[in-house]
Amino acid sequence: VLTGNPLVSLTWSAIPIMYEFPWSATFDWSTERIETLKATAVFFIFFHLAEFVLMPLVLKLLPKYKNTTVHSRTSWNGRGVTILFSCVAVPLALYNTLDPRMSIWGSGNVSTNNTWLSRMILAYASGFFAWDTLICLRCFRSYGAAFLFHGIACFVTYVTAGVTLRCVWYVVFCLLYEVSTPSLNLRWFMYSLGLRDHWFFNVNQAAFVVCFFFSRILGGLWITWVFFPREWTSLDEKYFWMYWQIFVVNLTLFSLNLFWFAKMLKMVARMLSTNKQTNRDVHQLNNAQPH
């Protein structure tokens, strides 16, 4: 295990956290695991502060935001937080993916290797998806069961990777899927601000579809092809339950991505045939992936 940032232990050592899980006998509770769980709690609080403090301060600069209802502001704030999360997560995940100490192109053990940065990325993602799950529960009518399941599944997967410190490279790689998220939410903001006829609206819309295809469809197929055959023979027997957990979550979420991408293609085909975009098309694309 590659360690190194004494600032973390100094900053977060005072944060108490319960860590007696039923499967705790499967592995030892090392300092790195405790540190990751504490960081998860910190990031969980951070994303709530971002929703209730930071985003209102930023979005108040938009006149339309001031005139929205409290319920509507939840969507505005939530999408702003999601943009913040993805803009930080994607560069970090890319760096971690290319890190020779971690990646499949390096010489280390991909199943067990982790660094301080990779553990903090896991904590960052875990804290976000815990917040995401709660906002899906608070606004269940708007988000629905699919988005709620996505939040829960991602939270469980990232927390499990942080607790076991297994399959870290693979799990962090999946954060590259978030490359399409800023375009999706920027599209929603432009539409809400009445900028649907602006030239950049269609450019951003095309960028979203392209990013979604390359990151979530092609990237999802590639990581599935790389991960499961490789880990079938290399993962420790006592962690084999994690293999099946990732397998089920990956298969289910990839199926959801295919479903959402099929909806996009139908919308694009309808737009090309009619040469216009209906309000129904706008709504479907606004909900074409988790926000």
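What share of the contacts with a separation of 6 or more in the protein chain comes from residues 24 or more positions apart? Hold that thought for a moment, everyone, and thanks for coming. Please keep in mind that this is a predicted model. The answer is 76%.

Let's start with the overall layout. The protein chain has 11 helices and 0 strands, so to speak an α element at every step from the N terminus on: α-α-α-α-α-α-α-α-α-α-α. Of the 291 residues in the chain, 51% are buried. On the outside, the accessible surface comes to about 14100 Å², and carbon and sulfur atoms hold 69% of that.

One helix I'd like you to find is helix 5. This helix has 23 residues, and from its first C-alpha to its last it reaches 33 Å, close to the 33 Å expected at 1.5 Å a residue. Is it enclosed or open? Helix 5 is largely enclosed by the rest of the structure, because 18 of its 23 residues are buried.

Now, the aromatic rings. How many aromatic pairs does the structure hold? There are 37. A pair of aromatic rings is described by two things, the distance of the centres and the angle of the planes. Take F85 and F128: their ring centres are 3.8 Å apart and their planes sit at 5°, so this pair is stacked. F85 belongs to helix 4, residues 70–98, while F128 belongs to helix 5, residues 116–138, so to speak a link between distant parts of the chain, 43 residues apart. Both F85 and F128 are buried.

A second stacked pair is F212 with F261, at 5.9 Å centre to centre and 0° between the planes. This one also links distant parts of the chain: F212 is in helix 9 (residues 199–234), F261 is in helix 10 (residues 240–274), and 49 residues separate them. F212 counts as buried because its relative accessibility is 0%, and F261 counts as buried too, at 12%.

If you colour the aromatics, look for a cluster linked by ring pairs. Its members are W105, W169, Y170, F173, W222, F227, F228, F240, Y243, W244 and F247. And there is a charged neighbour to point out elsewhere: R73 lies over the face of Y65, at 4.9 Å from the ring centre.

Next, a look at the backbone. Which residue in the loop between helix 6 (140–164) and helix 7 (168–173) should you click on? Try L165, which sits in that loop. L165 has a positive phi of about 55° although it is not a glycine, and with a relative accessible area of 3% it is buried. C167 is in the loop between helix 6 and helix 7 as well. Phi of C167 is near 60°, again a positive value in a residue other than glycine, and C167 is buried with a relative accessible area of 0%.

Since we have reached a cysteine, how many disulfides are there? The count comes to 0. Why does C154 have no bond to C174? The sulfur of C174 is the closest cysteine sulfur to that of C154, but the two are 8.5 Å apart, which is too far for a bond. C154 counts as buried, at 9% relative accessibility, whereas C211 is partly exposed, with a relative accessible area of 25%.

That's my tour, and I'm happy to take questions.

Notes
Residues are numbered from 1 along each chain as its sequence is written. This is a predicted model: local features need pLDDT of at least 70, side-chain atom pairs count only at pLDDT 80 or more; totals for chains, interfaces and linings use all residues. Side-chain values use heavy atoms; hydrogens and water are left out. Rings of Phe, Tyr and Trp (its six-membered ring) pair if their centres lie within 6.5 Å; planes under 30 degrees apart count as stacked, over 60 as edge-to-face and the rest as tilted. Helices (H or I, at least four residues) and strands (E, at least two) are DSSP runs, numbered from the N terminus. Buried means under 20% relative accessible area, exposed over 50%, partly exposed in between (1.4 Å probe, protein chains only). A charge sits over a ring if NZ of Lys or CZ of Arg is within 6 Å of the ring centre and within 35 degrees of the ring normal. The expected span of a helix is 1.5 Å times one less than its number of residues. Contact means heavy atoms within 4.5 Å. Accessible areas come from the Shrake-Rupley method with a 1.4 Å probe; for residues, only the protein chains shown count as cover. A disulfide is a pair of cysteine sulfur atoms within 2.5 Å.
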